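Here is a colleague's note to read alongside the sequence and the model. Please keep both open and look up each residue as it comes up.

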Amino acid sequence: MPLPVALVAAALAGLALLLAFPPYGLWWTAPVGVALLAVAVHRRRVRAGFGLGAVAGLVLFVPMLSWTNLYTGNLPWLLLSGLQAAYLGLLGAGIAVTSVLVDRFRWVWPLVTGVLWVAQEALRDRTPFGGFPWGRLAFSQGDSPLLRLAAVGGAPLVTFGVAVAGGLLVAAVWRPWRGRGGAGRLRAAGLVAGALVVVVAGLLLPVGVGAGADTATVAIIQGNVPRMGLDFNAQRRAVLDNHVNATVALAGRVAAGQERRPDLVVWPENSSDIDPTRAPDAAARISAAADAVGAPILVGAVLLGPGEGQVRNAGLVWLPGTGLDTSQMYIKRHPVPFAEYIPLRSVARMVSKEVDRVRNDFVAGERPGVLRVGGVPLGDVICFEVAYDGLVRDTVTGGARVLVVQTNNATFNAAEAEQQLAMVRLRAVEHGREALMASTVGVSGFVGADGRVSGATGFNTSAVVTRQMRLGDARTVATRVGVWPEVVLVAVAVAFLAAAVVVRRRPVPVAGAATAGDPADAEER
């Protein structure tokens, strides 16, 4: 493909990938984006492959992550977007390297495409500073049959399914099928049909198999904040009062027989940025809410310490009558770098003085968020932690029967909240557990073990939603096998890359390769 056309194809690849994610939700464009990137970099040199992959990444991530610049300026947003785009650049380089392999063994093209995407995401999810999994192909498939693959192999297998479908599409449209008459057209049509089969095959997998017969009534309190932005916690008492008042109002409806008494009430992250373990007035307000509703409350709180200049992001269990249950507490295990703590602060300050907004570094917890609240063993993760496979799985293997995501979206927008809810949907299917997301400002809601959302709230508003949740019993295949599907797929990717290097050193004529009459491919050779 001539380079100007390849640049257009790479940009269209990024656009197609972007449209697959919330708030657009056109999940079927993800395989199209995969195919466009593959065709753009096929037979390119490694540097050209990297550049074209980065172009696709910029078109994807710059608009997708635009919520990061709402209150912090453009520099952090562009730096983060550029870093994520670089990983797609590495993917483009990998696809370019394996071009010689798929030219020689055309049948492996879909498989190569699938494992390279998984490998790219595995690297991006972990580096640097613990990684940033936003924008994984798997998180775009909330309404797709491919979401069901999560119950077998988690997010990596869903990404693999999307990328394999894209690989089948690119194999179908690539030039060697041209000029071969009816047989060539039939073969191309068969490959397109194969992509459809990969997608539709997800419908054959059962979902929700982990959901048990026991139920619990759970209420989400979305108290809202006085104003959006980084200074939402400048009125910390107002935020706390919003959640207290909404809970007391729920108690009034329960007393009037208008609603069922909940077994558990969930407040979001940052619902009490006043440390209730050190501020008696804040503790009294939370106790008043728990006593009024007659149910334990899972409170999202910021705790001071343990050291000077340190804080912790916590989920606390507050019981009616007795107050804080000191035996049930979750401390966020994966604080967000450059948002909740500043690595290499002196170096980061030279890039942007905005880092000094983070005056106290959040300290990471060490134990999974398995809490027993109101007789319900739940798995608690806080905010962005829902994007990390292992952090969620640890709660289920630790005994959690429902999943809870406490989050604060007051510094972002509705698009970010919807992208996060899409992750909750995948986790529910992955582990066969019903789940909920409780946000200070929205979007909050419940998710069934089949990935369906109910009771979703609006954004930047107060709301109370109550549902009966089924408590999970069995473990899905994905829960049992954990990280191994990803390990196997990454190992296959490494093997393909190694094989491609060997084949590149021993060039052989291949079908569809450049000829003297094909100047575009001759230039590439």
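**Notes on the predicted model**

1. Arginine 43 sits in the loop that runs between α2 (29–41) and α3 (46–64). Please bear in mind from the start that this is a predicted model. The backbone at arginine 43 deserves a look, since its phi is positive, about 65 degrees, although the residue is not a glycine. With a relative accessibility of 15%, arginine 43 counts as buried, the cut-off for that word being under 20%.

2. Cysteine 383 can be read in a similar way: it has a positive phi of about 55 degrees and is not a glycine. You will find cysteine 383 in the loop between β8 (376–382) and α12 (389–397), and at 6% relative accessibility cysteine 383 counts as buried.

3. Two peptide bonds should be checked by eye, because each is listed as cis in what follows. One of them joins threonine 127 and proline 128, with an omega of about -20 degrees, and proline 128 belongs to the loop between α6 and α7. The other runs from glycine 305 to proline 306 with omega near 15 degrees, and proline 306 is placed in the loop between β3 (297–304) and β4 (310–319).

4. The structure holds 19 salt bridges, and arginine 136 is a good residue with which to begin. Arginine 136 pairs with glutamate 121, their closest N and O atoms being 3.7 Å apart. Because arginine 136 lies in the loop between α6 (109–124) and α7 (150–173) while glutamate 121 is in helix α6, this pair ties together parts that are 15 residues apart in sequence. Both arginine 136 and glutamate 121 are buried.

5. Arginine 136 also meets the side chain of aspartate 125 in a salt bridge, with an N to O distance of 3.2 Å. Aspartate 125 and arginine 136 both lie in the loop between α6 and α7, 11 residues apart, and both of them are buried.

6. A further salt bridge connects aspartate 241 with arginine 285, where the closest N and O atoms are 3.2 Å apart. Here the pair links distant parts of the chain, with aspartate 241 in helix α9 (residues 236–255) and arginine 285 in helix α10 (residues 280–293), 44 residues apart. Aspartate 241, at 21% relative accessibility, counts as partly exposed, and arginine 285, at 25%, likewise counts as partly exposed. As for shared partners, salt bridges join Glu121, Asp125, Arg136, Asp389, Arg427 and Glu430 into one network.

7. Does the length of helix α15 (residues 484–505) agree or disagree with what its residue count would suggest? At 1.5 Å a residue, its 22 residues should span 32 Å, and the C-alpha atoms at its ends are 32 Å apart, which agrees.

8. Which residues of α15 are buried? They are Pro485, Glu486, Leu489, Ala493, Phe496, Ala500 and Val503. Viewed down the axis of α15, these buried residues fall within an arc of 110 degrees, so they line one face of the helix. As a reminder, an α-helix has 3.6 residues a turn, so residues three or four places apart point the same way. The buried residues of α15 pack against α4 (74–97), α5 (99–104), α6, α7 and α14 (477–481), whereas Trp484, Val494 and Arg505 are exposed on the other side of α15.

9. Tryptophan 484, which is in helix α15, counts as exposed at 57% relative accessibility. Together with Val152, Val477, Val481, Val483 and Val487, Trp484 forms a nonpolar patch on the surface, and the accessible area of these residues together is about 470 Å². Both α14 and α15 supply at least two residues of this patch.

10. Serine 272, in the loop between β2 (264–266) and α10, is buried, with a relative accessible area of 0%. Leaving aside residues up to four places away in sequence, serine 272 touches Leu240, Ile286, Val299, Gly300, Ala301 and Val302.

Notes. Residues are numbered from 1 along each chain as its sequence is written. This is a predicted model: local features need pLDDT of at least 70, side-chain atom pairs count only at pLDDT 80 or more; totals for chains, interfaces and linings use all residues. Side-chain values use heavy atoms; hydrogens and water are left out. A salt bridge is a side-chain nitrogen of Lys or Arg within 4 Å of a carboxyl oxygen of Asp or Glu. Helices (H or I, at least four residues) and strands (E, at least two) are DSSP runs, numbered from the N terminus. Buried means under 20% relative accessible area, exposed over 50%, partly exposed in between (1.4 Å probe, protein chains only). The expected span of a helix is 1.5 Å times one less than its number of residues. The arc is that of the directions from the helix axis to the C-beta atoms. Contact means heavy atoms within 4.5 Å. Patches are made of residues with over 30% relative accessible area and no salt bridge: like charges are joined within 9 Å, nonpolar side chains (Val, Leu, Ile, Met, Phe, Trp, Tyr) within 5 Å. Accessible areas come from the Shrake-Rupley method with a 1.4 Å probe; for residues, only the protein chains shown count as cover.
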